[in-house]
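Here are a few notes to read beside the model. Keep the viewer open and find each residue as you go.

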Amino acid sequence: MAFYQALKATGSPVLKAAYHPWIRGKENIPAEGPAILASNHNAVWDSVFLPMMLDREVVFMGKADYFTGTGLKGWMTKEFMRAVGTIPVDRTGGRASEAALNAGLKRLREGELFGIYPEGTRSPDGRLYRGKTGVARLALLSGAPVIPVAMIGTHAAQPIGQKIPSRTNIGMVIGEPLDFSRYRGLDKDRYVLRAITDEIMYNLMLLSGQEYVDLYAADVKAQLAAEGAFEGPVPSNGRPAPGGRTAPDVPVPTAPEQESEDEEKTSDKE
C-alpha cells in the first residue's frame with residue numbers, strides 16, 4: 001500500500017502533464033466499502049490512468065503473461081504490476097481463473113475496490129466486445145455493487161502493437177452503481193449470469209459511445225492472428241447491443257474543455 005501511494009505520488013504528475021486525463025462521475029465511487037469497477041479495456045494503460053485518478057486504491061486483474069516476461073522490459077513490467085497489486089489471471093480458464101476470481105472476492109470481502117475487465121482482454125480495434133460472466137459471479141458472490149467505468153481515448157493513444165502511447169487526452173466516465181442483489185443465490189444459473197453481464201456491458205456501451213460487437217474479443221483476436229495481422233474491424237454478427245437490444249445513438253464523451261468549446265461554437269453560429 002505504501003509503495004502504491006509512493007508510485008502514484010511520483011508518477012501521477014508526469015502522466016497528468018503529458019496526457020491531461022479527465023474524469024467524470026467520480027462521485028459514484030463510494031468513499032468506503034466494497035465495489036466492483038467493471039471497465040472496458042482498450043490498452044494496458046487503462047490499469048494505470050484509472051487508479052491514478054481515484055482517491056481510493058483499486059486493484060485489477062491482469063493476464064499472467066505480465067508476470068512471466070524476460071529481459072529488462074519483462075522485469076520492469078512484472079515489478080510494476082506487483083507494485084500496483086495486480087492479480088495475475090491465467091486466461092486458459094479452469095482452476096487458474098477460479099483462483100484469480102477468489103482473490104478478487106477476498107479483496108471485496110475486506111471492503112476494498114476491485115477492478116475487472118469483463119471483455120477478458122484488450123479490444124483489437126477500439127470497439128466494445130461481449131462480456132464474460134466472471135464479473136456477474138463476482139457480484140453475486142460478494143454482494144458488492146458493480147460500477148461501470150468507460151475509458152475514453154486509450155485505444156487511440158495505444159492501439160495493439162504500439163509500444164509507446166501517443167500523447168492525447170485520456171478520460172474516464174464513471175457510471176452509477178448497479179445493484180444485482182435481487183439475483184443473490186443464483187450465481188450458478190448461466191442465464192442469470194449472462195443477463196447480468198449483458199446489463200453491465202450495455203451500461204458500458206452507453207457511457208463509452210463505443211460500437212458493440214456480440215463476439216468475444218479473444219475469438220476475434222485469434223481470427224485476426226490466423227489471418228496474419230490485427231486489421232480490424234471484423235464483421236459483427238448482427239446484434240448491435242448486449243442482450244439483443246436496439247443500440248442507441250450515443251456519442252463518444254469528450255474532455256470537459258472540448259465540450260465547452262463545442263458549446264461556444266454552437267452559440268456563435270446561432
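1. Which residues does Val146 touch, leaving out those up to four places away in sequence? In this predicted model, the list is Ile36, Ala38, Ala139, Glu176, Pro177, Leu178, Phe180 and Ile200.

2. Now place Val146 in the largest nonpolar core. That core has 32 residues. Ile36, Val146 and Ile200 touch the most other members. Ile36 and Ile200 are also among the contacts of Val146.

3. Several elements give two or more residues to this core. The strands are S2 (35–39), S3 (58–63), S4 (87–89) and S5 (113–116). The helices are H4 (95–109), H5 (134–142) and H7 (190–208). H7 gives the largest share, eight residues.

4. There is also a second core, separate from this one. It has 23 residues. Leu54, Val58, Ala157 and Ile174 are among them.

5. Next, look at Asn28. It sits in the loop between strand S1 (22–24) and S2. Is Asn28 buried or exposed? Its relative accessible area is 18%, so it counts as buried, the cut-off being under 20%.

6. What does the side chain of Asn28 reach at 3.0 Å? The partner is the backbone oxygen of Ile174. A polar atom of the Asn28 side chain also lies 3.3 Å from the backbone oxygen of Gly175.

7. Finally, check the wider contacts of Asn28. Leaving out residues up to four places away in sequence, Asn28 touches Ile147, Ile174, Gly175, Glu176 and Pro177. Glu176 and Pro177 are also on the list for Val146.

Terms used
Residues are numbered from 1 along each chain as its sequence is written. This is a predicted model: local features need pLDDT of at least 70, side-chain atom pairs count only at pLDDT 80 or more; totals for chains, interfaces and linings use all residues. Side-chain values use heavy atoms; hydrogens and water are left out. A nonpolar core is a set of buried Ala, Val, Leu, Ile, Met, Phe, Trp, Tyr and Cys residues joined through side-chain atoms within 4.5 Å. Buried means under 20% relative accessible area, exposed over 50%, partly exposed in between (1.4 Å probe, protein chains only). Helices (H or I, at least four residues) and strands (E, at least two) are DSSP runs, numbered from the N terminus. Contact means heavy atoms within 4.5 Å. A polar contact is a pair of N or O atoms within 3.5 Å; within protein, one must be able to donate a hydrogen and the other to accept it, and residues adjacent in sequence count only if both atoms are side-chain atoms.
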